[in-house]
Amino acid sequence: MSYLLIGNISALICDDCIEPLSHARIRVYLPDTRYPAANSKGIFSDLQPLSAKEVLMKADRLLAEATLDEQGNFTLSWRQEHLFTEPLELDLCLDTLPGKTGIRQPRNFHLCTAVLHWKRSINGYIGAYAYVVPSAIWNSIQGDAGAWVITGTVKQRRETGNDQPPLRVEAFNALSGKRIGTTFTNEYGRYTLRFSRKDLYHGNLQPIRQGRRHMGPDVYFRIYNNEKLVLSENESHAASPERQDLPPCSCVNLVYRPSVVKWASGHIQGWIHEMKVLSGKSRKKREQLHLSNALF
């Protein structure tokens, strides 16, 4: 009898942004017959960390293992005498985080022990499984790895009705003045920027301040349309509470005014034109005065 299990594993960065756990590994195990009741926690149980010893001790029960693709999708298949009414164990291994930030090391988690829903087909049984890591848990995993991800949308203050081109977003740490990352917006104006703890400061020294829970950056941004600067923030923008000591998973939305430079240049050109007109009128008055004096 053959079994085919398909599914997707993703994580919540924030309430409106989800990211696939690309290149993570998912494993399926036969249940531990010594503890049949204790292990059945349900298909929607939270991630439980596993030690290397715990992973090693269940190696003889491994049915199949697969690597998630760029979208977090996976396909697992195995041939085994196994009742579809029996529970299976599903584990997740994160050797690297999305974007390959943070410390690289195996991080093993127990996903669930549950009886999956199987559908009979010509070749065997087909089942599906999907899981989204809650933002609080994903924030903790990122923090333990020394990794950060900032996401958000970039919008114009006044909508022009035209499609927004890809914009380059640069983030800076006000504590060190160091640029910590660069990325581009997608077709929806969303950006996702990733960096590691080593990217926050120059050298190995980092300032320690009282009450900083996450040891994260105080951020400010610059945005470019091609090479044209459309938003220029500085250290003062990083002084606001929502920009200080950013947690490992953060959402920062940005707004820029694309017409500022255009308006300023138009204003200057108009001012120059007015000065020319006034200058021409003054010169004409002087010529008329000189002519009248010559007549008398």
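**An open sheet, two loop residues and two nonpolar cores**

In this predicted model, a good place to begin is histidine 23, found in the loop that runs between β2 (17–20) and β3. Histidine 23 has a positive phi of about 70 degrees, although it is not a glycine. Most residues other than glycine have a negative phi. With a relative accessibility of 41%, histidine 23 counts as partly exposed, because that value falls between the cut-offs of 20% and 50%.

A second residue invites the same kind of look. Lysine 100 sits in the loop between β7 and β8 (108–114), and here too phi is positive, at about 55 degrees, in a residue that is not a glycine. Lysine 100 counts as exposed, because its relative accessibility is 69%, where the cut-off for exposed is over 50%.

The strands that border these loops lead to the sheet itself. An open sheet is formed by 5 strands, which follow the order β4-β8-β7-β3-β5 with antiparallel pairing. Its edges are taken by β4 (48–50) and β5 (62–67); each has a single partner strand, so one side of each is left without a neighbour in the sheet. On average, and with direction ignored, neighbouring strands of this sheet are turned by 30 degrees against each other. Strands of a sheet pair through backbone hydrogen bonds, in either a parallel or an antiparallel sense.

The sheet can now be followed pair by pair. Strand β4 is joined to β8 by 3 bridges, and the two run antiparallel; in this part of the sheet, leucine 50 stands opposite asparagine 108 in β8. Between β7 and β8 there are 6 bridges, again in the antiparallel sense, and leucine 92 faces phenylalanine 109 of β8. Strand β3 (residues 25–29) and strand β7 (residues 88–93) also run antiparallel, joined by 5 bridges. Arginine 25 stands opposite cysteine 93 in β7.

How many of the residues of β8 are buried? The count is 7 of the 7, so β8 is largely enclosed by the rest of the structure. Histidine 110 belongs to this strand and is buried, with a relative accessible area of 8%. Its side chain makes a polar contact of 3.0 Å with the side chain of threonine 113. Leaving aside neighbours within four places in sequence, histidine 110 is in contact with Asp46, Leu47, Gln48, Leu50, Lys58, Glu89, Leu90 and Asp91.

Attention turns next to the nonpolar cores. The largest of them has 40 residues, and those with the most contacts inside it are Leu5, Ile9, Leu21, Trp78, Leu90 and Tyr129. Strand β1 (residues 2–14) supplies the largest share of this core, with 6 residues. Leu90 also appears among the contacts of histidine 110. Tryptophan 78, for its part, touches Met1, Ser2, Tyr3, Leu5, Val28, Leu63, Ala64, Leu88 and Trp118, when residues up to four places away in sequence are not counted. Apart from this core lies another, of 22 residues, which include Trp148, Ile180, Val219 and Tyr256.

Definitions and conventions:
Residues are numbered from 1 along each chain as its sequence is written. This is a predicted model: local features need pLDDT of at least 70, side-chain atom pairs count only at pLDDT 80 or more; totals for chains, interfaces and linings use all residues. Side-chain values use heavy atoms; hydrogens and water are left out. Two strands pair if DSSP finds at least two bridges between them. Helices (H or I, at least four residues) and strands (E, at least two) are DSSP runs, numbered from the N terminus. Axes are lines fitted to C-alpha atoms, for helices over the stretch in contact, and angles run from 0 to 180 degrees between N-to-C directions. Buried means under 20% relative accessible area, exposed over 50%, partly exposed in between (1.4 Å probe, protein chains only). A polar contact is a pair of N or O atoms within 3.5 Å; within protein, one must be able to donate a hydrogen and the other to accept it, and residues adjacent in sequence count only if both atoms are side-chain atoms. Contact means heavy atoms within 4.5 Å. A nonpolar core is a set of buried Ala, Val, Leu, Ile, Met, Phe, Trp, Tyr and Cys residues joined through side-chain atoms within 4.5 Å.
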